[in-house]
Amino acid sequence: SRSVTKVASFDDGAHVGRVCSLGFSENGYYLATAADGHGLVRLWDLRKLSNFHTISALETDGARAVVKTAFDPSAQFLAVASSKEIRIFLNKQWDELARFAPHTADITGFNFGVDSKRLFSCGMDRKISIFGV
């Protein structure tokens, strides 16, 4: 059997709630994490093992739940879903490019298409939505 060795731990108090989402960039340099309760997404540089940026992911109505974070396959965008909205950020500048509410009930998941031109989402409204990015 193969042995497993822990190489790092991000337990410096960066998140106040349980960590509920991890998203890796395509090149493996960045990790986006989100936790319950504060509406923040932390960006980590895995080469330096440090938190280098924080994004506020509060919804328009002030809700704080972050459901998922994901980088697109081209490594140009980071998408963050809260219970009602999906927001897309431009990588490196971390500027918000788009914000939309694709469902009439809570978002349960999303993912970019393999060509990074589409974003697929699903929700408690029993619908799957597809968007051009």
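Visitor: What is the relative accessible area of T108?
Guide: This is a predicted model, where local features need pLDDT (the predictor's confidence in each residue, from 0 to 100) of at least 70, side-chain atom pairs count only at pLDDT 80 or more, and totals for chains, interfaces and linings use all residues. Numbering runs from 1 along each chain as its sequence is written, and side-chain values use heavy atoms, leaving out hydrogens and water. T108 belongs to strand β9 (residues 107-112), a strand being a DSSP run of E with at least two residues, numbered from the N terminus. T108 counts as partly exposed (between buried, under 20%, and exposed, over 50%, with a 1.4 Å probe and protein chains only), its relative accessible area being 43%.

Visitor: Which strand has the highest mean pLDDT among the elements of the protein chain?
Guide: The chain as a whole has a mean pLDDT of 87, and 91% of its residues reach 70 or more. Among its elements, β5 (residues 66-71) has the lowest mean, 87, while the highest, 94, belongs to strand β10.

Visitor: Which strands stand at the edges of the sheet β1-β2-β3-β4?
Guide: This open sheet of four strands has antiparallel pairing, and strands count as paired if DSSP finds at least two bridges between them. Inside the sheet, five bridges join β2 (residues 30-35) to β3 (residues 40-45), and T33 stands opposite R42 in β3. Two strands have a single partner each, so one side of each lacks a neighbour in the sheet: they are β1 and β4.

Visitor: How many residues lie between β5 and β6 in their hairpin?
Guide: Good one to trace in your viewer! β5 and β6 (residues 77-82) run antiparallel and are joined by five bridges, with A70 bridged to A79 in β6. In the turn, A75 has a positive phi of about 65 degrees, and the number of residues between the two strands is five.

Visitor: What is the average twist from one strand to the next in the sheet β5-β6-β7-β8?
Guide: Here too the sheet is open and its pairing antiparallel. β5 and β8 (96-100) each have a single partner strand, so one side of each is left free of a neighbour in the sheet. From strand to strand, the twist (the angle, from 0 to 180 degrees, between N-to-C directions of lines fitted to C-alpha atoms) averages 15 degrees.

Visitor: Which residue forms a salt bridge with E85?
Guide: A salt bridge needs a side-chain nitrogen of Lys or Arg within 4 Å of a carboxyl oxygen of Asp or Glu. For E85 the closest N and O atoms of the pair are 3.3 Å apart; E85 lies in the loop between β6 and β7, with its partner in strand β8, 14 residues apart. E85 is buried at 10% relative accessibility, whereas the partner is partly exposed at 35%. That partner also forms a salt bridge with E96 at 3.1 Å, and its name is R99.

Visitor: Which residues are linked in a network of salt bridges?
Guide: The structure holds five salt bridges. One of them joins the side chains of D45 and R47 at 3.1 Å, N to O, with D45 buried at 6% and R47 partly exposed at 48%. The network itself is made of E85, R87, E96 and R99.
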